[in-house]
Amino acid sequence: MAKKTSSRKPLTGRVALVAGATRGAGRGIARALGEAGATVYCTGRSVKGKPSPYARPETIDETATMITVAGGTAIALRVDHTSEHDVKALFRRILRAHKRIDIVVDSVAGEDPLMKQYGFLWQANLNSADAIFRQGLTSRIMTAKHAALAMMPAKRGLIVEVTENDIIGGGGNPMTHAVKVAQKVLPLLWARELAPHGIVVTAITPGFLRSESMLQHFGVTEDDWREAGKKDSNFLQSESPLFVGRAVAALAADPKVRDRTGMLFSSWELARDYGFTDYDGRIPDWGRHKIDFSGFPPAWIDLFRTGADLEIKWLTTLAARTRKFRAKIPSPA
């Protein structure tokens, strides 16, 4: 078990970027990094006067204000992470101002409505496929590429991809499946490439997240969110966006974080390791929660069961193959 973080401001002096800091997990992570003492760059497309293309009211300016009001340091910058020109300019600006970048967290497109469309493979509407891949995957690769380039000279840094679910699956249509799986597997592949450069790469998922849109969906606010438990008892085990934010902050503050490179983490597992809580003192643990499936159609439950059985078989087979391949690799001289 990792050592619990003791300092209230363990990230003082660090410079962080949260891509997609407008709302949801991205906003919570930006706030937690600021809470831990980091200077936080909050990027996204939604700014004052230019509302979200998702028809949401939140802006990166609001996120930065939340951090500064709480005593932290934050800079809001409008950046389109699907534009490599914008991304390159962003990292140049950060390096000019601070001569360093320590933490890059990518939560872009976490609530993109296109990725929330449901449908089986044979029902897929492919008209939006290119837009989904550009927003949810290409943007991630661009941001990680330039984060790595910015971190390499110092031979240190942490890159975190925010995803959905702590198993392979995620999303409800073929394009989202591809994006979510890539968000979990690419950090594993990047971790091996960047290990010689001292850069750590991980993926992380929140549990049942009380994002702004989820609160709206249930018709509640953060003040009375437990009322939604009357509609879905699983919501009583939900977490605020700050909880997954504190998970990322704890990772960033861990002097042994290199031991965790390439892995997929959950907010609740890291809370067990590092001992942080949600803002209200709760420690929501989605992994230990006995999910109430009573509200799900039987066909969905069959789908989950079949998928879990196949995934176990697939992973077990791959693990055996990987061990055999590893045994063939020569040991260091």
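By the rule applied here, the count of cavities of 30 Å³ or more comes to 1, and since the structure on your screen is a predicted model, everything on this tour is a computed property of that model.

**Stop one: the cavity**

Select L137, R140, E161, A182, Q183, L186, P187 and W190, which line the largest cavity, and you will have enclosed a space of about 30 Å³. Colour the selection by class, and the lining of this cavity separates into 5 nonpolar, 1 polar and 2 charged residues. Now show the secondary structure: helix 4 (129–151) and helix 5 each supply at least two residues of the lining, and helix 5 gives the largest share, with 5 residues.

**Stop two: along helix 5 to the second largest pocket**

Keep helix 5 displayed and add helix 9 (298–328), for these are the elements that give two or more residues to the lining of the second largest pocket. That pocket has a volume of about 710 Å³, and, to centre the view on it, select K184, V185, L188, G262 and L315, which are the closest to its centre among the 21 residues that line it. By class, the lining of the second largest pocket divides into 14 nonpolar, 3 polar and 4 charged residues.

**Stop three: the loop before helix 5**

Next select N173, which lies in the loop between strand 5 (157–162) and helix 5 (174–194). Is this residue buried or exposed? N173 is buried, because its relative accessible area is 5%, which falls under the 20% cut-off for that class. Leaving aside neighbours within four places in sequence, the residues in contact with N173 are L114, M115, Q117 and G119. Of these contacts, Q117 deserves a distance label, as its backbone oxygen lies 2.7 Å from a polar atom of the N173 side chain.

**Stop four: strand 2 and its partner**

Move to strand 2, residues 39–44, where 6 of the 6 residues are buried, so that the strand is largely enclosed by the rest of the structure. In a regular strand the side chains alternate between the two faces of the sheet. Selecting the two sets in turn shows that both faces of strand 2 are covered, with T39, Y41 and T43 buried on one side and V40, C42 and G44 buried on the other. Then add strand 1 (residues 15–19), which runs parallel to strand 2 and is joined to it by 5 bridges; within this pair, L17 stands opposite Y41.

**Stop five: helix 8**

Select residues 267–274 for helix 8, of which 6 of the 8 residues are buried, so that this helix too is largely enclosed by the rest of the structure. Which residues of helix 8 are the buried ones? They are S267, W268, L270, A271, D273 and Y274, and, if you display what covers them, you will find strand 6 (199–205), helix 7 (241–253) and strand 7 (264–266) included. Just after helix 8, pick G275 and read its backbone torsions, where phi is positive, at about 80°.

**Last stop: K328**

Finish by returning to helix 9, in which K328 has its place. K328 is exposed, because its relative accessible area is 68%, and the cut-off for that class is over 50%. For a final distance, pick the C-alpha atoms of K328 and G26, which are 302 residues apart along the chain and separated by 41 Å.

Note on methods:
Residues numbered from 1 in each chain as written. Predicted model: local features only at pLDDT ≥ 70, side-chain atom pairs only at ≥ 80, totals over all residues. Heavy atoms only, no water. Helix = DSSP H or I, 4+ residues; strand = E, 2+ residues; numbered from the N terminus. Buried < 20%, exposed > 50% of the residue type's maximum accessible area, 1.4 Å probe, protein only. Polar contact = N/O pair within 3.5 Å; in protein donor to acceptor, adjacent residues only side chain to side chain. Contact = heavy atoms within 4.5 Å. 1 Å grid on protein atoms, 1.4 Å probe; cavity = no way out; pocket = protein on both sides within 12 Å on 5 of 7 lines; lining within 4 Å. Points joined across faces, edges and corners; volume = space filled by probe spheres on them. Nonpolar A, V, L, I, M, F, W, Y, C, P; charged D, E, K, R; others polar. Pairing = 2+ DSSP bridges.
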